[in-house]
Amino acid sequence: MIIALVVVLLLCPCLGLVGWAVWKAADADNEATPLPSVSAPVLPPVLPSDAPSSAAPSPSEEDEEEFAKGDCVVNDGTEDNAALRKVPCAANTYQVLLRIPATTDGTRCKTLAPQATANYVHDNSIDLFDYVLCLKKR
């Protein structure tokens with residue numbers, strides 16, 4: 001009985017946090033004012049530089065990479081299949097202005113980060129792990 005009580009006491013806060021995150025994401029969707037449809041540019045591919053690069057991360061490492069506000073990224077993929085990679089902030093990089101969790105609605109950048117010049121949508125098979133990055137070209 002004590003073990004069951006400990007398990008319940010550990011699970012309740014975790015489930016509460018997940019519920020709160022989903023509720024906040026749904027609440028933010030309802031508060032967003034619809035704007036005229038204007039598509040944000042998709043990240044263009046970054047051409048490789050002449051300088052030799054260090055070993056590239058494996059695809060599994062790229063999938064696990066987390067992006068946060070203030071990070072700078074480049075697109076190693078294409079416009080249709082972007083592959084973002086963190087880099088030091090410099091010219092011709094994109095700075096993350098905002099990360100919007102639990103959504104694939106890239107148009108939310110228009111209202112939440114109007115200075116964004118592009119966005120990146122990460123669509124995971126588990127909706128809770130979806131996110132949108134609002135980006136600004138440096």
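**Notebook: strands, a patch and some shaky stretches**

I started with the pairing of strand 1 and strand 2 (residues 84-87): the two are antiparallel, with 4 bridges between them. This is a predicted model, so I kept in mind that I was reading a prediction.

Next I looked up who faces whom. Val73 sits opposite Lys86 in strand 2. I then checked strand 3 (residues 94-101), and found that it also runs antiparallel to strand 1, joined by 2 bridges. There, Val73 stands opposite Tyr94.

Are the faces of strand 1 (residues 72-75) covered or open? Both are covered. I found Cys72 and Val74 buried on one side, and Val73 and Asn75 buried on the other.

Then I went to the surface. Which residues make the nonpolar patch there? I noted Val18, Val22, Ile126, Leu128 and Phe129, which together give about 420 Å². I looked up Val18 by itself and placed it in helix 1 (residues 2-31). Its relative accessible area is 39%, so Val18 counts as partly exposed.

Last, I checked confidence. The chain has a mean pLDDT of 76, and 69% of its residues reach 70 or more. Over residues 32-39 the pLDDT drops below 50, and beyond near neighbours in sequence I counted 8 contacts for this stretch in the model. Residues 47-63 are also below 50, with 2 contacts beyond near neighbours in sequence. A reminder to myself: where pLDDT is low, the predicted coordinates shouldn't be read in detail.

How values were computed:
Residues numbered from 1 in each chain as written. Predicted model: local features only at pLDDT ≥ 70, side-chain atom pairs only at ≥ 80, totals over all residues. Heavy atoms only, no water. pLDDT = per-residue confidence, 0-100. Contact = heavy atoms within 4.5 Å. Buried < 20%, exposed > 50% of the residue type's maximum accessible area, 1.4 Å probe, protein only. Pairing = 2+ DSSP bridges. Patch = residues over 30% accessible without salt bridge, like charges linked within 9 Å, V, L, I, M, F, W, Y side chains within 5 Å. Areas by Shrake-Rupley, 256 points an atom, 1.4 Å probe, with all protein chains shown as cover. Salt bridge = Lys/Arg side-chain N within 4 Å of Asp/Glu carboxyl O.
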